[in-house]
Amino acid sequence: MKKMSLRTRVLTGAVAAAALGAGTVGAVSANAGTPAAAPAAVKADAANKNVMQTSHLTIAAATEAAQATLDAAKKENQRVSVAVVDRNGNTIVTLRGDGAGPQSYEAAEKKAFTAVSWNAPTSELTKRLEQAPTLKDIPGTLFLGGGAPVQVKGAPVAGIGVAGAPSGDLDEKFAQAGVASLAK
């Protein structure tokens with residue numbers, strides 16, 4: 001076999017790379033222009049067992065409850081933050097009252113999350129820590145008074161959390177005012 005010069009080898013490699021690149025671009029272009037096959041139609045049994053319906057608060061109702069909570073705290077000269085979360089613990093609305101401490105915002109969200117997760121006021125849940133102290137280790141929870149679940153037919157649909165008052169009892173009293181405003 002004849003030995004190729006460096007120049008010939010470089011040119012041969014460049015031509016091969018160009019040909020390979022052109023083939024790849026052509027294949028990609030051809031695939032991009034070809035419509036994908038339509039997926040087979042799947043019929044869902046929506047009227048029976050494949051769909052679950054749940055109740056959720058509207059943003060208007062959540063905002064109304066949060067404002068009622070702040071109003072109850074203001075009547076007692078308390079500076080608090082309030083959070084309303086949906087059944088899945090996602091924040092719907094938060095309001096930070098004038099003068100509320102910087103920690104109150106996050107604490108209110110965690111109390112609301114905790115209340116809706118266990119469908120119980122957080123003051124009751126703090127008592128459960130005596131039997132199950134590791135409950136407090138669950139991420140996103142806060143086992144202090146100040147969280148109240150919002151229920152429809154006994155099932156939780158939201159949680160209201162309040163933080164910033166001097167005691168969890170006051171925080172929870174204000175959260176309950178928010179829950180009560182939804183019944184009107």
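## Helix α3 and the residue after it

Asn-119 follows α3 and has a positive phi, near 50°. Helices and strands here are DSSP runs (H or I over at least four residues for a helix, E over at least two for a strand), numbered from the N terminus. The model is predicted, with local features requiring pLDDT of at least 70 and side-chain atom pairs counting only at pLDDT 80 or more, whereas totals for chains, interfaces and linings use all residues. Residues are numbered from 1 along each chain as its sequence is written, and side-chain values use heavy atoms, with hydrogens and water left out.

Helix α3 covers residues 104-118. Its 15 residues reach 21 Å from the first C-alpha to the last, close to the expected 21 Å; the expected span is 1.5 Å times one less than the number of residues. The buried residues of α3 are Ser-104, Ala-107, Ala-108, Lys-111, Ala-112, Thr-114, Ala-115 and Val-116. Buried denotes a relative accessible area under 20%, exposed one over 50%, and partly exposed the range in between, with a 1.4 Å probe and protein chains only. These buried residues of α3 pack against β1, α4 (122-128), β3, β4 and α5, a contact being heavy atoms within 4.5 Å.

## Overall architecture

The protein chain contains five helices and four strands. Read from the N terminus, the order of elements is α-α-β-β-α-α-β-β-α. The chain has 184 residues, of which 32% are buried. Among contacts with a separation of 6 or more, 62% join residues 24 or more positions apart.

The accessible surface amounts to about 11800 Å², and carbon and sulfur atoms hold 58% of that area. Accessible areas follow the Shrake-Rupley method with a 1.4 Å probe, and for residues only the protein chains shown count as cover.

## Helix α2 and Thr-69

Helix α2 has 17 residues, and its end-to-end C-alpha distance of 24 Å is close to the 24 Å expected. Its buried residues are Ala-61, Ala-62, Ala-65, Ala-66, Thr-69, Leu-70, Ala-72 and Ala-73. Their cover includes β1, β2 (91-96), β4 and α5 (168-182).

Thr-69 belongs to helix α2 and is buried, with a relative accessible area of 0%. Beyond residues up to four places away in sequence, Thr-69 touches Val-82, Ile-160, Val-162, Phe-174, Ala-175 and Gly-178. Of these partners, Ala-175 stands 106 residues from Thr-69 in sequence, yet the two C-alpha atoms are 5.8 Å apart.

## Helix α5 and Ala-148

The end C-alpha atoms of α5 are 22 Å apart, which agrees with the 21 Å that its 15 residues should span at 1.5 Å a residue. Asp-171, Glu-172, Phe-174, Ala-175, Gly-178, Val-179 and Ser-181 are the buried residues of α5. They pack against α2, α3, α4, β3 and β4.

Ala-148 is a residue of strand β3 and is buried at a relative accessible area of 0%. Apart from neighbours within four places in sequence, Ala-148 contacts Ala-115, Pro-121, Ala-158, Gly-159, Ile-160, Ala-175, Gln-176 and Val-179. The C-alpha atoms of Ala-148 and Gln-176 are separated by 6.3 Å, with the two positions 28 residues apart along the chain counted as their sequence distance.

## Loop residues with positive phi

Asn-77 is not a glycine but has a positive phi of about 55°. Asn-77 sits in the loop between α2 (59-75) and β1 (81-86) and is exposed, with a relative accessible area of 69%.

Lys-153 likewise has a positive phi, near 55°, in a residue other than glycine. The loop between β3 (147-152) and β4 (155-163) holds Lys-153, which is exposed at 85% relative accessibility.

## The largest pocket

Rolling a probe the size of a water molecule over the atoms shows where empty space is left. The largest pocket encloses about 250 Å³ of space. On a 1 Å grid over the protein atoms alone, a pocket is an open set of points where a 1.4 Å probe fits, with protein on both sides within 12 Å along at least five of seven lines, and lining residues have an atom within 4 Å of a point. Grid points are joined across faces, edges and corners, and the volume is the space filled by probe spheres set on them.

The lining consists of Gln-67, Leu-70, Asp-71, Ala-73, Lys-74, Asn-77, Gln-78, Arg-79, Val-80, Arg-96, Gly-97 and Asp-98. Helix α2 contributes the most, with five residues. The lining comprises three nonpolar, four polar and five charged residues; Ala, Val, Leu, Ile, Met, Phe, Trp, Tyr, Cys and Pro count as nonpolar, Asp, Glu, Lys and Arg as charged, and the others, Gly among them, as polar.
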